[in-house]
Amino acid sequence: MQDQGETFLGKKLHVLDHGFVRLVDYMGSDSTVAHYASLGRAHTTTLSEEESIKECFRLNQLFPFEQSCLVFQIRLPIYVMGQLVRHRTAKLNSFSARYAKVEDYFHEPKAEELRMQSSSNKQVGTDLLNTEIAETCSQSIHKLSRWGYQEYLSLLDRGVCREQARTILPQNMYTTIFWKIDLRNLFHFLRLRLHTDAQKEIRLYAEKIGFVLSQLFPLCWKHFHEVYLSRISLSCSELALLKRLNVSF
């Protein structure tokens, strides 16, 4: 599995228009998880690596995953980065606009990608905008992004320090971070950010991260996907209704 990891180290997986995910370091494997699972097992029954990992997910005993970790370099829009920072169990180091001039990379959604606000969910966009309206909105995003960056450069040229000039930069500007997270908390991140209710942009990053994870920890990914991504959750009232309808499981 180490050889498989080596093929991904340093390789850019492109996301959006100028973003990417790149694995820069990792520690552990399926064998590592199975080993720590066996140390914490009360019974003496010998299980295979896959059986050990499957049991961890089945019993929700996730401590064996904490011994493995991954480090990614990620370039993403500032407004998307906030959804990574939300996961405070990761360690994050980001590009500082106090020390270096910001490059002119912006996430500018194409007209056919602009979404309307959901009428039932305050957090997400759903259906696409009318084509004509979307085109003018896309032009506005492009125009304001360029204007903001040119004003930023103008402030620098007139002697304003970088830490203050950056205050006018737009939220769709790209930044670069190094993101270190253990396997247990990465699974939690993926459970949330691969969900269909997650914002599309962060979901695209989660898909790339999940792909890398599936190559480095294939057994862990297999059973994570089976237990958390492929199952259907029902409330008590929904289960009661199905029982009244004589629906069997």
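Before I turn to the structure, let me fix one term, since a salt bridge here is a side-chain nitrogen of Lys or Arg within 4 Å of a carboxyl oxygen of Asp or Glu. Please also keep in mind that what you have in front of you is a predicted model.

With that cut-off in hand, I begin with arginine 146 and aspartate 104, whose side chains meet in a salt bridge with an N to O distance of 4.0 Å. This pair links distant parts of the chain, since arginine 146 sits in helix α5, residues 131-157, while aspartate 104 is in the loop between β4 and β5, and the two are 42 residues apart. Both partners are partly exposed, arginine 146 with a relative accessible area of 29% and aspartate 104 with one of 39%. The pair also belongs to a network of salt bridges, in which Asp104, Glu108 and Arg146 are linked.

How many salt bridges does a search of the whole structure find? There are six, and I would like to take you through two others. In one of them, lysine 222 is joined to glutamate 50, with the closest N and O atoms 2.7 Å apart. Because lysine 222 lies in helix α9, residues 218-229, and glutamate 50 in helix α3, residues 49-59, this salt bridge ties together parts that are 172 residues apart in sequence. Lysine 222 is partly exposed at 42% relative accessible area, and glutamate 50 is partly exposed as well, at 28%.

The other is formed by glutamate 201 and arginine 115, where the closest N and O atoms are 3.1 Å apart. Here the link runs between helix α8, which holds glutamate 201, and strand β5, which holds arginine 115, across 86 residues of sequence. Glutamate 201 is buried, with a relative accessible area of 8%, whereas arginine 115 is partly exposed, at 28%.

Let me now move to the sheet. Five strands make up an open sheet, in the order β1-β2-β3-β7-β4, and their pairing is antiparallel. At the edges are β1, residues 12-15, and β4, residues 91-94, each of which pairs on one side only. On average, and ignoring direction, neighbouring strands in this sheet are turned by 20° against each other. Within it, strand β2, residues 19-27, and strand β3, residues 69-77, are paired in the antiparallel sense over seven bridges, and if you look along that pairing you will find aspartate 25 standing opposite valine 71 in β3.

Which helix packs on the sheet, touching β3 and β7? That is helix α7, residues 183-193, whose direction makes about 125° with that of β7, residues 174-182. Helix α8, residues 200-216, lies across β1, β2, β3 and β7, and runs at about 155° to β3.

Helix α7 deserves a second look, from its start to its last residues. At the start of the helix, a side-chain oxygen of aspartate 182 reaches to within 3.0 Å of the backbone nitrogen of arginine 184. The buried residues of α7 are Leu183, Asn185, Leu186, Phe187, Phe189, Leu190 and Arg193. As a reminder, an α-helix has 3.6 residues a turn, so residues three or four places apart point the same way.

One of those buried residues, arginine 193, is worth pausing over. What is the nearest side chain of opposite charge to arginine 193? It is glutamate 201, at 11 Å, and arginine 193 has no salt bridge although it is buried. The side chain of arginine 193 does, however, reach the backbone oxygen of glutamine 83, at 3.2 Å. If we set aside its neighbours within four places in sequence, arginine 193 is in contact with Gln83, Arg86, His87, Ala198, Ile202, Arg203 and Ala206.

Finally, a word on two backbone angles that you may want to find in the model. Leucine 16, in the loop between β1 and β2, has a phi near 55°, which is a positive value in a residue other than glycine, and at 27% relative accessibility leucine 16 counts as partly exposed. Asparagine 60, which lies in the loop between α3 and β3, likewise has a positive phi, near 60°, and is a residue other than glycine.

Definitions and conventions
Residues are numbered from 1 along each chain as its sequence is written. This is a predicted model: local features need pLDDT of at least 70, side-chain atom pairs count only at pLDDT 80 or more; totals for chains, interfaces and linings use all residues. Side-chain values use heavy atoms; hydrogens and water are left out. Two strands pair if DSSP finds at least two bridges between them. Helices (H or I, at least four residues) and strands (E, at least two) are DSSP runs, numbered from the N terminus. Axes are lines fitted to C-alpha atoms, for helices over the stretch in contact, and angles run from 0 to 180 degrees between N-to-C directions. Contact means heavy atoms within 4.5 Å. Buried means under 20% relative accessible area, exposed over 50%, partly exposed in between (1.4 Å probe, protein chains only). Lys and Arg count as positive and Asp and Glu as negative; His and the chain ends are not counted. A polar contact is a pair of N or O atoms within 3.5 Å; within protein, one must be able to donate a hydrogen and the other to accept it, and residues adjacent in sequence count only if both atoms are side-chain atoms.
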